[in-house]
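Q: Could you take me through one part of this structure slowly, the place where the ligand sits? I'm new to this, so please link the pieces together as you go.

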Amino acid sequence: MKKNNEALRKPAELLFKKELTALIKTDQYPKPPNWRLSPKKVVDFIMGTELEDGTKISPKYFGQRSLIEIAVATLATDRALLLTGIPGTAKTWVSENLAAAISGSSRLLVQGTAGTHEEQLLYGWNYPILLAKGPVPEALVPSPIMRGMETGSIVRIEELTRMPFEIQDALITLLSEKSMPIPELDEESNAISGFNIIATANDRDKGIHEMSSALKRRFNTVVLPLPATIEMELEIVRSRIAPDLMAQRDKKADKSSIEEIKRVITIFKELRDGKTMDGKLSLKRPASTLSTAEIIGLVNNALAMAVYFGKRKIDGELLARNLKNTIVKNHDTDLIPWNEYVEMVMKKREEYDHFYQAVSSLK
Ligand SMILES: Nc1ncnc2c1ncn2[C@@H]1O[C@H](COP(=O)(O)OP(=O)(O)O)[C@@H](O)[C@H]1O
Ligand SMILES: [Mg+2]
């Protein structure tokens, strides 16, 4: 297996190892049992700050501090945390960083899909051992949830509502009793303090199942919203530009690049809101998701093109050339709103002339 320092994408606990070590060293606040940091320092890790010893803690989440406070406080209670919102609002990113800060690992993870089995939530069996020796403890294969219960760690469930209803409900007993019966061994696995679950769920997407009200009650739900302003969204995008590409860019162009990225964010915001910024014109909305994550992808793509094939700077033309394929994901629902936007809005704004030229040249 590859060593983690060569991994293409490092888990949060490695990516921010220095920050977490510094936070642990300076933390003087009370910690819930088996937490590596106090709730206050977990929030500082997510929101960013500067420590007394001068260590800078980078902001991970851009948005309301109070949402993160509610999330962290929930994890210290016996209710689990459910992060919902439209796709691309940092649910996965926040849950990964919370688990890294609280338990030192974000890797106890169950990915919810239509094909998730109860075994992946509870436990399975090593069949050769089971056949040879019968249901003995060494034949049992614990799920990430069982391991989290036994070590007092945070476990993540991604895309909870992609799992069928009946499978989701296997969590109910576990969340209310904090124990998992293993009838085959006539035993149960009991959670120790520090165990909790962070689930994420998209509230608008294909292939989503409802949650039962019994299960919903076991969770405290925090809705992560889209960024409130263009400036806030710009900050998020800037924080997520690929560092290796950033290192190769022509820095002299930064000021104009930022203006160009703002134009892209404006286009996304207007299409999302279904109206122009001045509110004067109503617009058709594409059905596909237009989240910050799409903008981050678009900007990174434009920067990669600039670094490898172009002038090493993000310019409007490169961004505009990537716009249509980012916004129009489904021809039936997105093409008409996109064409309307190009002709009714983009064409008429002087400062978007180079965007319009680039977009028209692709038609
Ligand atoms: N408010 C925000 N603060 C920080 N990053 C954000 C924010 N909104 C979106 N992002 C970024 O968008 C990307 C996608 O987020 P992700 O966690 O995968 O979304 P979700 O799980 O909600 O679909 C991540 O790189 C994340 O950093
Ligand atoms: Mg996600």
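**Around ligand 1**

A: Let's start with the backbone: in this predicted model, an oxygen atom of ligand 1 lies 2.9 Å from a backbone N or O atom of tryptophan 93. Side chains join in too. Lysine 91 has a side-chain N or O atom 2.6 Å from an oxygen atom of ligand 1, and for threonine 92 the matching side-chain distance is 2.8 Å. With the protein around it, ligand 1 has 86% of its surface buried, out of the 560 Å² that it exposes when taken alone.

Now, which elements give two or more residues to the shell around ligand 1? They are α5, running 91-103, and α15, running 292-309. The shell holds 15 residues, and the ones that come nearest are Phe62, Gly88, Lys91, Thr92 and Trp93. Sort the shell by class and you get eight nonpolar residues, four polar ones and three charged ones.

Next, zoom out a bit. The domain assignment splits the chain into domain 1 (4-223) and domain 2 (230-361). Where does that leave the ligand? Its shell takes at least three residues from domain 1 and at least three from domain 2.

So much for the ligand; here is how the two domains meet. Their centres, taken over C-alpha atoms, are 34 Å apart. In the contact, domain 1 takes part with seven residues and domain 2 with ten. Together the two domains bury about 680 Å² between them, and 61% of that is on carbon and sulfur atoms. On the domain 1 side, Phe62, Gly88 and Trp93 supply 63% of the area buried against domain 2, which is more than any other three residues give.

You've met those names already: Phe62, Gly88 and Trp93 are also among the residues that come nearest to ligand 1. Trp93 is worth one last look, with a backbone N or O atom 2.9 Å from a ligand oxygen and a place in the trio that leads the area domain 1 buries against domain 2.

Notes
Residues numbered from 1 in each chain as written. Chains lettered and ligands numbered in written order. Predicted model: local features only at pLDDT ≥ 70, side-chain atom pairs only at ≥ 80, totals over all residues. Heavy atoms only, no water. Near = heavy atom within 4 Å. Polar contact = N/O pair within 3.5 Å; in protein donor to acceptor, adjacent residues only side chain to side chain. Areas by Shrake-Rupley, 256 points an atom, 1.4 Å probe, with all protein chains shown as cover. Helix = DSSP H or I, 4+ residues; strand = E, 2+ residues; numbered from the N terminus. Nonpolar A, V, L, I, M, F, W, Y, C, P; charged D, E, K, R; others polar. Domains from an automatic or database assignment. Contact = heavy atoms within 4.5 Å. Buried area = accessible area lost by both parts, 1.4 Å probe.
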